[in-house]
Every structure is written in C-alpha cells, then in structure tokens.
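Trainee: I have a new model open and want to go through it with you. Can we start with what counts as a contact?

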2 protein chains.
Amino acid sequence: MADDSLRLDEFLCFAIHSTAHAINRATKPMLDQMGLTYPQYLVMVVLWGKDDQTVGGIGEKLFLESSTLTPLLKRLEAAGYVQRSRDPSDERQVRVRLTDKGRELHCRAGCIPDWFREAFDGDMDEARELKSRIVQLRERVLRHPE
Amino acid sequence: MADDSLRLDEFLCFAIHSTAHAINRATKPMLDQMGLTYPQYLVMVVLWGKDDQTVGGIGEKLFLESSTLTPLLKRLEAAGYVQRSRDPSDERQVRVRLTDKGRELHCRAGCIPDWFREAFDGDMDEARELKSRIVQLRERVLRHPE
DNA sequence: CTGCACTGAATCGCACGCGACATAATGGTC
DNA sequence: GACCATTATGTCGCGTGCGATTCAGTGCAG
C-alpha cells in the first residue's frame with residue numbers, strides 16, 4: 001500500500017523529469033546548429049515575442065532566478081544575440097535587447113516546432129490537451145508549498 | 001502561422017520543463033530533511049525496488065549516463081546510504097548496494113508521495129492518465145531522433 | 001598467447017539551476 | 001539630508017547532466 005503509492009507518485013514525477021531530459025537531448029543537434037542551448041533558446045523565444053525586457057521580467061516568464069539568468073544572458077551577449085544595458089531611468093534594472101543577429105535567428109528556429117510536430121505525428125489536439133493538463137499540475141505544485 | 005506553431009510547440013516543451021523544476025523545488029524541503037537531492041532520491045527509489053544493481057543498470061532505468069551517476073553515487077556513498085564495489089566476476093562493473101542506513105530511509109520517504117497526493121487533491125486517476133500520456137510522449141521523442 | 005575490438009566506469013569541461021549572500025540603486029520616513 | 005527597508009541584479013558554492021575522452025577489464029580471432 002505505502003509501497004504502491006510511493007511507486008505511482010514518483011513515476012509521474014519521474015515521467016516528467018525524464019521527458020524533459022529526452023526533449024533536451026533530442027533538440028540538441030538542431031540547437032547546436034544555431035549555437036544555442038535549450039534554456040538559451042527559451043530566453044530567445046521570450047525576446048522574439050517581446051523585445052527589450054528586464055532580467056526579472058524574463059525570469060518571471062521562465063520561472064528562473066537572476067542567479068541562473070545573469071550568466072546565461074552574458075553568454076548570449078558574448079555570442080552576439082542580445083545586448084544588455086542598465087535602464088537609465090532605473091539603474092537597478094538591466095534591459096535585454098535583441099541584436100540583428102538575434103532577430104535573424106528567429107527565422108532559423110522554425111525547425112524546432114517542425115521537429116516537434118513530426119514527433120507528435122501532427123496530433124496537435126493531443127499536444128494542446130497534454131499541455132493544459134501539465135500546466136494545471138504545475139500551478140497546483142506551485143500553489144502547494146512545503 | 002509559423003509564429004503560432006512556434007508558440008504551441010515550445011509551450012508544451014516548456015510546460016514540461018517548468019513543471020519538472022517546480023516539482024524539484026517543491027520537494028526540496030522534504031528531501032533536505034532526508035539529506036537527499038531529487039536525482040539522489042530517484043536512485044534510492046530504484047535501489048529500494050531492487051537492491052544490488054550495476055551503475056549501468058541504474059542509468060538505464062533513469063536515462064542517465066555514467067558521467068552523471070558516478071559522482072552522484074559517490075556522494076550517496078559518502079552520505080552512508082549506499083556501498084559501491086567492483087563485481088569480482090567482472091571487474092568492469094561496479095555493484096551498488098544499500099546500507100542499513102539507506103534501507104532505513106525507505107520508511108521516511110513516504111512523505112514525498114503523501115505530499116504529491118495532496119497536491120493532486122487525491123485525484124489519482126488523473127495522475128495515472130497524465131503519466132501514461134507523458135510516457136507516451138517520451139517514447140515518441142526517444143524514437144524520433146535528430 | 002597475443003593482439004584487438006568491445007564494454008563499463010570514471011574523468012573532464014561546460015552549461016544550467018538554485019539558495020545564500022553581496023551590491024547598488026530607489027523611495028520613502030523622520 | 002540621513003537612515004533604512006525594499007528592489008534588481010550579480011556572485012559564489014554545490015549538485016546535476018551530457019558529450020568526448022580515457023582507462024581497465026573482457027573475450028574473441030588468429
């Protein structure tokens with residue numbers, strides 16, 4: 001009984017973990033060609049959606065801390081995809097902007113969703129359904145601390 | 001159109017990533033009390049299910065490489081939860097065994113599934129359903145390289 | 001029995017990811 | 001104007017996670 005429930009719970013947790021890693025590994029060759037890691041890709045997606053955001057704003061969307069984002073953004077800047085600068089009106093904030101090179105990457109990023117659609121055999125309804133269930137779980141977990 | 005599909009795909013991928021991290025963060029306080037990280041907990045679960053396994057065997061179940069497991073297992077050994085030793089019949093393999101302290105931890109680990117059931121409001125059918133869909137996705141991703 | 005391909009672990013370098021802490025700027029309050 | 005809590009970012013240490021490589025042991029071919 002205690003054994004049974006232990007198994008069930010961790011299998012869902014573990015299923016999520018291992019699937020996240022599987023996606024990470026599977027997309028790596030494509031992202032390598034763009035010179036991005038998966039977390040860097042996510043940051044670029046956020047910026048493609050809306051340019052000129054603060055570190056905190058990006059972190060809020062991606063559930064990441066500044067301690068994670070700062071080094072990551074420095075690598076994106078070193079790669080020439082973004083440009084970081086202090087907001088003159090509030091020197092505490094750092095605004096992150098896409099460079100031309102970063103914007104150009106947007107077009108080349110289409111292969112990721114293409115790949116994903118293939119892996120899903122085009123069943124986008126299933127994908128949407130699954131996404132909403134997972135997001136629901138995430139919200140429950142976030143709301144249920146300790 | 002391309003924009004739309006870009007958004008959908010990464011939202012499922014991202015939903016999985018962020019949920020995995022959320023679970024990680026939420027279970028941390030409980031795991032801290034046991035002196036385990038989440039990946040270490042997963043290794044213990046594997047060993048609680050079947051003691052005396054090789055590094056490769058554990059890695060196969062958890063989709064992890066030896067480069068990840070070796071340091072992790074050394075930390076578990078340093079913590080006194082497992083014991084590692086070369087298999088005398090095949091000196092290439094390292095067998096990992098639970099110590100008494102490691103077995104004892106099994107009883108204390110019940111709080112993790114308890115917490116999870118709470119977070120899920122006891123709807124274990126939903127959990128099972130979701131798990132099977134995610135595992136299906138994982139298998140598709142693993143089978144669909146490039 | 002001597003190579004030689006193969007296998008299983010371990011090592012190395014790099015990139016997350018976070019908690020704890022440090023730092024700097026802001027916006028009050030007195 | 002000086003103090004002080006708050007906010008935004010950055011730094012540090014530790015633990016994953018992986019690809020590339022190394023190394024020791026195995027086992028097969030000749």
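Mentor: A polar contact is a pair of N or O atoms within 3.5 Å. Keep in mind that this is a predicted model.

Trainee: Fine. How far is a phosphate oxygen of DNA strand D from a polar backbone atom of A:G56?

Mentor: The distance is 2.7 Å, which means the pair falls within the 3.5 Å cut-off.

Trainee: Which side chains have an N or O atom close to a phosphate oxygen of strand D?

Mentor: A:K74 is one of them, with a side-chain N or O atom 2.8 Å from a phosphate oxygen of DNA strand D. From the other chain, the side chain of B:R75 places an N or O atom 2.9 Å from a phosphate oxygen of that strand.

Trainee: And which residues come nearest to strand D overall?

Mentor: There are 27 residues around DNA strand D, and the nearest are A:G56, A:T70, A:K74, B:T37 and B:Q40. Of the strand D atoms that come within 4 Å of the protein, 70% belong to sugar and phosphate.

Trainee: What elements supply that surface?

Mentor: In chain A, α1 (2-34), α3 (55-62), α4, β2 (82-87) and β3 each give at least two residues to the surface near DNA strand D. In chain B, α2 (38-49), α4 and β3 each do so.

Trainee: How does it split by class?

Mentor: The surface near strand D has 10 charged, 11 polar and six nonpolar residues.

Trainee: Now strand C. Which residues come nearest there?

Mentor: Around DNA strand C there are 27 residues, with A:T37, A:R75, B:G56, B:T70 and B:K74 nearest. Sugar and phosphate make up 73% of the strand C atoms that come within 4 Å of the protein.

Trainee: Which side chain has an N or O atom by a base nitrogen of strand C?

Mentor: B:S66 has one, at 2.9 Å from a base nitrogen of DNA strand C. For phosphate oxygens of strand C, the side chain of A:Q40 has an N or O atom at 2.8 Å, and the side chain of B:T70 has one at 2.8 Å.

Trainee: Which elements of each chain make up the surface near strand C?

Mentor: Chain A supplies at least two residues from each of α2 (38-49), α4 (66-78) and β3 (90-98). Chain B does the same from α1 (2-34), α3 (55-62), α4 (66-78), β2 (82-87) and β3 (90-98). By class, the surface near strand C counts 10 charged, 11 polar and six nonpolar residues.

Trainee: What rotation superposes chain A on chain B?

Mentor: A rotation of 180°, with 0.0 Å of shift along its axis and an RMSD of 0.0 Å. That is the relation of a two-fold axis. The chain A C-alpha nearest the axis belongs to A:I16, at 3.1 Å.

Trainee: And through what surface do the copies meet?

Mentor: The same surface, because 100% of the interface residues of chain A are also interface residues in chain B.

Trainee: Different topic. How many aromatic pairs are there over all chains?

Mentor: Eight. One is B:Y38 with B:Y41: the ring centres are 5.8 Å apart and the planes lie at 45°, so the pair is tilted. The two residues are three apart in helix α2 of chain B, which means about one helical turn separates them.

Trainee: Are those two buried or exposed?

Mentor: B:Y38 is buried at 3% relative accessible area, and B:Y41 is buried at 0%.

Trainee: Which residues form an aromatic cluster in chain A?

Mentor: A:Y38, A:Y41 and A:W48 form one cluster.

Definitions and conventions:
Residues numbered from 1 in each chain as written. Chains lettered and ligands numbered in written order. Predicted model: local features only at pLDDT ≥ 70, side-chain atom pairs only at ≥ 80, totals over all residues. Heavy atoms only, no water. Near = heavy atom within 4 Å. Polar contact = N/O pair within 3.5 Å; in protein donor to acceptor, adjacent residues only side chain to side chain. Helix = DSSP H or I, 4+ residues; strand = E, 2+ residues; numbered from the N terminus. Nonpolar A, V, L, I, M, F, W, Y, C, P; charged D, E, K, R; others polar. Least-squares fit on C-alpha atoms with pLDDT ≥ 70 in both. Contact = heavy atoms within 4.5 Å. Phe/Tyr/Trp six-rings, centres within 6.5 Å; stacked < 30°, edge-to-face > 60°. Buried < 20%, exposed > 50% of the residue type's maximum accessible area, 1.4 Å probe, protein only.
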